[in-house]
Amino acid sequence: MMETNRQKKIAGVLQKDLAEVLQNAARDGMKGVIISVTKVQVTSDLGQAKVFISVFPQLKREIILKGVQENTTSIRYEMARRTKDQLRRMPELLFYIDDTLDYIEDIDNALQGKKENPIKNPDILDKRQKR
């Protein structure tokens, strides 16, 4: 289903502000960690927003995701404060890890011969789940 212009606009606003909020939190508590918001998808009723984050270094991404999920209430409050002039109601925020870079790296390694070639044996590629 196609996203409406309103959904796209809200997703853009949320992505920009969430990136700032998460990067400020990382700067305060964790040195050397980079958090970026790669994509935001807003439901058609504007009630939920799926937020995909990318974390560097990758070793810390599960810890970061858990911390972000535990602090969703305070993040949502801060977002509501920042977007009060643009949004009537702050959507519920659902956080996920964006694994696109892992997937690309696996394909790249396979094509460079570091792994078995996925073109010759497509069964070795992970089956990606649609969210």
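This is a short walk through a predicted model, one selection at a time.

**The whole chain**

Start with everything shown as cartoon. The protein has four helices and three strands, and from the N terminus onwards they follow the pattern α-β-β-α-α-β-α. Now colour by pLDDT: the average for the protein is 84, and 89% of the residues score at least 70. Confidence peaks in β3, with a mean of 95, and bottoms out in helix α4 (residues 100–111), with a mean of 76. Switch to colouring by accessibility and you'll find that buried residues make up 32% of the 131 residues. As for the contacts with a separation of 6 or more, 59% of them link residues 24 or more positions apart.

**The sheet**

Next, select the three strands. They form an open sheet in the order β1-β2-β3, and the pairing is mixed. β1 and β3 are the edge strands, each pairing on one side only. Look down the sheet for the twist, which averages 30° from one strand to the next. Add α2 to the selection: this helix packs on the sheet and touches β1, β2 and β3, and its direction makes about 175° with that of β3.

Zoom in on β2 (residues 48–56) and β3, which pair in the parallel sense over six bridges. Two cross-strand neighbours are handy landmarks here: Lys50 stands opposite Leu94 in β3, and Phe52 stands opposite Tyr96 in β3.

**One strand, two faces**

Stay with β3 (residues 92–97) and turn on its side chains. In a regular strand, side chains alternate between the two faces of the sheet. Which residues of β3 are on the buried face? Leu93, Phe95 and Ile97 point that way and are buried, while Glu92, Leu94 and Tyr96 point to the other face and are not.

**The core**

Now for the largest nonpolar core, a set of 27 residues. Leu14, Leu18, Ile53, Ile75 and Phe95 are the ones with the most contacts inside it, so show those as spheres. At least two residues of this core come from each of α1 (5–29), β1 (34–42), β2, α2 (61–70), α3 (72–82) and β3. The biggest contributor is α1, with eight residues.

Centre the view on Ile75. What does this residue touch, leaving aside residues up to four places away in sequence? Its partners are Leu18, Val21, Leu22, Val68, Leu93 and Phe95.

**Around α3**

Ile75 also leads you into α3, where the buried residues are Thr72, Ile75 and Met79. Look down the helix axis: these three cover an arc of only 65°, which puts them on the same side of α3. An α-helix has 3.6 residues a turn, so residues three or four places apart point the same way. Spin the view round to the face of α3 turned away from its buried side, and you meet the exposed residues Thr73 and Tyr77.

**Last stop: Thr4**

Finally, go back towards the start of the chain and pick Thr4, in the segment before α1. Is Thr4 buried, partly exposed or exposed? Its relative accessibility is 42%, so Thr4 counts as partly exposed. Draw a distance from its C-alpha atom to that of Thr43: the two are 39 residues apart along the chain, and the separation comes to 9.8 Å.

Terms used. Residues are numbered from 1 along each chain as its sequence is written. This is a predicted model: local features need pLDDT of at least 70, side-chain atom pairs count only at pLDDT 80 or more; totals for chains, interfaces and linings use all residues. Side-chain values use heavy atoms; hydrogens and water are left out. Buried means under 20% relative accessible area, exposed over 50%, partly exposed in between (1.4 Å probe, protein chains only). Two strands pair if DSSP finds at least two bridges between them. A nonpolar core is a set of buried Ala, Val, Leu, Ile, Met, Phe, Trp, Tyr and Cys residues joined through side-chain atoms within 4.5 Å. Contact means heavy atoms within 4.5 Å. The arc is that of the directions from the helix axis to the C-beta atoms. pLDDT is the predictor's confidence in each residue, from 0 to 100. Axes are lines fitted to C-alpha atoms, for helices over the stretch in contact, and angles run from 0 to 180 degrees between N-to-C directions.
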